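Please open the structure in your viewer and keep the sequence panel visible beside it. The tour below proceeds by selection, with a short account of what each selection shows.

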Amino acid sequence: MTTDLDAAASEASIRPCGWPDCPERFDAYGHIFTGANVQPGWRQSSVVGYLGPAHGDTVHLPRLERTEIGADVTCDCGWRHTDPPTLGAAGELWRDHVREACRG
Ligand SMILES: [Zn+2]
Ligand SMILES: [Zn+2]
C-alpha cells in the first residue's frame, strides 16, 4: 500500500541527470538506508548535481575550479568558461558546451 505521504517523499527524492536533455532519473530515497550517496553508475558533480550511467565513458565531466576572483567551470575535455555569475549559470554554460560538442 502506498500513501500520499510516501508518494510525496519519493517524488522529492528523485534526482535528475544533469546531462543536457537526458531523461535519466534515480531515487535517492532508497539509498538513505544503504548509506550510499548514489546508485551504481551515477556520479556526483558539484556543477550539475548528478550524471547518469549512460555517460560513464564520456570525456565531458564538469568541475568547478576556484580562482582568485571566484570560480571557473571546466570540463574534462579541456573546455573552460571563466567566472560564471552563478552555479546555475555554470551548469547551463556546460550544457550548452556539451550540446555543441556532441552535435553531428
Ligand atoms: Zn544522463
Ligand atoms: Zn567537455
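## The whole chain

Begin with the complete protein chain, whose elements run α-β-β-β-β-β-β-β-α from the N terminus on. That comes to 2 helices and 7 strands; helices (H or I, at least four residues) and strands (E, at least two) are DSSP runs, numbered from the N terminus. This is a predicted model, in which local features need pLDDT of at least 70 and side-chain atom pairs count only at pLDDT 80 or more, while totals for chains, interfaces and linings use all residues. Residues are numbered from 1 along each chain as its sequence is written, and chains are lettered from A and ligands numbered from 1 in the order in which they are written.

Next, colour the chain by pLDDT, the predictor's confidence in each residue, from 0 to 100. The mean for the protein chain is 86, and 82% of its residues reach 70 or more. Confidence is lowest in helix α1 (residues 4–12), at a mean of 64, and highest in β7, at 97.

Of the 104 residues of the chain, 16% count as buried. A residue is buried if 20 or more other C-beta atoms lie within 10 Å of its own, exposed if 12 or fewer, and partly exposed in between, with C-beta atoms placed from the backbone.

## The sheet

Select β5, β6 and β7. They form an open sheet of 3 strands in the order β5-β6-β7, with antiparallel pairing; two strands pair if DSSP finds at least two bridges between them. β5 (62–66) and β7 (80–81) stand at the edges with a single partner strand each, so one side of each is left without a neighbour in the sheet.

Now restrict the view to β5 and β6, which form a hairpin with 4 residues between them. Their antiparallel pairing extends over 5 bridges. Which residue of β6 stands opposite R66? It is A71, while P62 stands opposite C75 in β6.

Add α2 to the selection. This helix packs on the sheet, touching β5, β6 and β7, and its direction makes about 25 degrees with that of β6. Axes are lines fitted to C-alpha atoms, for helices over the stretch in contact, and angles run from 0 to 180 degrees between N-to-C directions.

## Two residues in the strands

Select D72, in strand β6. D72 counts as partly exposed because it has 16 C-beta neighbours inside 10 Å. Not counting residues up to four places away in sequence, D72 touches E65, T67, R80, H81, T82 and D83; two residues are in contact if their C-beta atoms, placed from the backbone, lie within 7 Å. Measure from D72 to A90 in the viewer: they are 18 residues apart in sequence and 8.2 Å apart in space, C-alpha to C-alpha.

Move to H81, in strand β7. H81 is partly exposed, with 16 other C-beta atoms within 10 Å. Leaving aside neighbours within four places in sequence, H81 is in contact with D72, V73 and L93.

## The nonpolar core

A nonpolar core is a set of buried Ala, Val, Leu, Ile, Met, Phe, Trp, Tyr and Cys residues joined through C-beta atoms within 7 Å. Select V47, L51 and W94, which touch the most other members among the 13 residues of the largest such core. The elements giving two or more residues to this core are β4 (49–51), β6 (71–75) and α2 (87–102), and α2 gives the most, with 3 residues.

Finish at V47. Apart from its neighbours within four places in sequence, V47 is in contact with P62, R63, L64, V73, A90, G91 and W94.
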